[in-house]
Amino acid sequence: MFDPIIENERSVRNSSQRSIFIYIFIAILALSVLIFFFKDVFADKRTSDAGILKNELYLNEDLVFIDNTTGAKRWAWEFGDGAGSSLQSGTYHYAKAGSYIIRLTIDGELRVQFPVTVKDTVTVQDTDTALTINGPTSGVVNEEVRLEAEGKGAQFQWSFGETGRVDVNGRTALYTFRSPGKYLVRLTSDKSHPVTHIMYITDPSLDTVLVVPGEGERKIIDDIRARLQAIADGDDFNSNYYYLTSKYLCNNEKVTVAVEQDSVKKTNDFYTYCMGLTFGGEISVDQAQLTISPNASCATLLNIKQHSARIVNK
């Protein structure tokens, strides 16, 4: 027998059950979306925990590398000389002195890089008395150059060859040349024999550029500019860097670079300048000109004009 009251209660109960199922389904769907969203957020914030023990080595030392990135499973180390490793951590020995960029790729997606400089080994018996000069081999008139004495000693005297007398006392020497030319810098200390250091000083206002004129000069300028721009754009550092040093700088990484960027002028050595291109953000290299002083067979100055790509010219 049909009872309208019972049927109405049954209909209400079925409707409530359907509503509950719908609410549960919506809640599960929303929770899934939240889990997926936060998973992506956390994944995007993943950072590396990798490093090298020292960024300056001698040839008789091993490079120590290690990675402690959370959850990492695959590693691809590139040591900048063509060699590599898939180990999480370990050691590597360079066969040749030079400057290298070490690259690490973690799980095929997370990338990090480290610069390292490998120096020629100092003979053990000479380490107590050896005195060396660290600094650029070229400079610009009326701009300060900085040289450092490396070795034991309490008293250091510098003669920069321009005045004929002792110019600076102390381990660090700051000096400004007034005339262009080739100078023999002499350093003495109370603990070792004197050492010398050749400096080529140029005057950018003079026409001392001695590269092949015309089309030959244009090719050189374009070649240097293109290689520097490749470094700035994140292409392989070592191949472009060593191409420039061997072809144009006689493998001298300390050649002075005079840079003009966004109306600001500064000088640096070639290696430091190139490292700045790698880590300095968006840079566009506009001009690159070699300068070779008279009686010199190698470049003594590199003039660069560049600008920040983030600045829009009006």
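In this predicted model, the crossing of helices H3 and H4 is right-handed. Helix H3 spans residues 237-248 and helix H4 spans residues 270-279, and their axes come within 12 Å of each other, crossing at roughly 150°. Because angles over 145 degrees count as roughly antiparallel, H3 is roughly antiparallel to H4.

A look at the side of each helix that takes part fills in the picture. From H3, the residues involved are Phe-237, Tyr-241, Leu-244 and Thr-245, and they meet Phe-270, Tyr-271, Cys-274, Met-275 and Thr-278 of H4. Sorted by class, this contact comprises 7 nonpolar and 2 polar residues, with no charged ones.

The two helices turn up again at the largest pocket, which has a volume of about 1,000 Å³. Its lining counts 34 residues, and those closest to the pocket centre are Thr-117, Lys-119, Asp-120, Asn-134 and Lys-254. At least two lining residues come from each of H3, H4 and the strands E2 (56-58), E7 (98-106), E8 (110-119), E9 (132-134) and E16 (195-202). Helix H3 gives the most to this lining, with 4 residues. As for chemical character, the lining of the largest pocket holds 15 polar, 11 nonpolar and 8 charged residues, whereas the contact of H3 with H4 has no charged residues.

Conventions. Residues numbered from 1 in each chain as written. Predicted model: local features only at pLDDT ≥ 70, side-chain atom pairs only at ≥ 80, totals over all residues. Heavy atoms only, no water. Axes fitted to C-alpha atoms, helices over the stretch in contact; angles between N-to-C directions. Parallel < 35°, antiparallel > 145°, perpendicular 65-115°, else oblique. Left-handed = near helix turned anticlockwise from the far one by under 90°. Contact = heavy atoms within 4.5 Å. Nonpolar A, V, L, I, M, F, W, Y, C, P; charged D, E, K, R; others polar. 1 Å grid on protein atoms, 1.4 Å probe; cavity = no way out; pocket = protein on both sides within 12 Å on 5 of 7 lines; lining within 4 Å. Points joined across faces, edges and corners; volume = space filled by probe spheres on them.
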